[in-house]
Amino acid sequence: MHLAAIAVRTDDERATLFDTYQRQCDRAGLRATLVGGLHQQLPRALAALPATRVIACPSRVETLANVVFETALWAQNDGAVVLAPARDGFTEQIADGPNGLLYDPAPPDALASGLRRALALTETERARMRRAAHARAVARARRCPAPRRAAGPPLPGSAGPGR
């Protein structure tokens, strides 16, 4: 098993976390790739990769996480299910068990326990969750279509209507 983690570097008090994560992976003997920056296509590629079993999003503050919606769309046939803390917007997007996994973020070992739970899922269970997550994401997108832009001059860089 190989851990691929996107741990975006920051310039605040969390700046040393990336190096700390790398040292912890090394000490634990984990086969791990830590990515220190986010490229727009990377999450999509990881979510849809058949060998990817879980996308963990241990964010402490999310009003509405795109990763849940995007993973549901990208991993509908193969790939990951989402593991997230039972808080904020995650609980609006994930029903624990049917379309993803939630964990109580309070205990210090909660993420590790959640990862063990996710990795113990059978392919049949993951496929069922992926199908349910995809159906939920599509239904939500149909209920909340993208806002239409008011008529006016074309946006910079666009050809505009009929051009």
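**Exercises on salt bridges**

At 4% relative accessibility, Arg130 counts as buried (under 20% relative accessible area, with over 50% exposed and partly exposed in between, for a 1.4 Å probe and protein chains only). The model is predicted, so that local features need pLDDT of at least 70 and side-chain atom pairs count only at pLDDT 80 or more, while totals for chains, interfaces and linings use all residues. Residues are numbered from 1 along each chain as its sequence is written, and side-chain values use heavy atoms, with hydrogens and water left out.

**Exercise 1.** Determine which residues are joined with Arg130 into one network by salt bridges that share partners.

*Solution.* Take as the criterion a side-chain nitrogen of Lys or Arg within 4 Å of a carboxyl oxygen of Asp or Glu. Arg130 and Glu123 satisfy it, with N to O at 2.9 Å. Next, Glu123 also meets Arg126 in a salt bridge, at 2.4 Å from N to O. Salt bridges with shared partners therefore join Glu123, Arg126 and Arg130 into one network. As for exposure, Arg126 is buried at 6% relative accessibility, whereas Glu123 is partly exposed at 41%.

**Exercise 2.** Find the salt-bridge partner of Asp96 and state where in the chain the two residues lie.

*Solution.* The partner is Arg117, the closest N and O atoms being 3.0 Å apart. Asp96 lies in the loop between helix H4 (90-93) and strand S5 (101-103), and Arg117 in helix H5 (residues 110-119), so that the pair, 21 residues apart, links distant parts of the chain; helices (H or I, at least four residues) and strands (E, at least two) are DSSP runs, numbered from the N terminus. Finally, Asp96 is partly exposed at 39% relative accessibility, and Arg117 is partly exposed at 37%.
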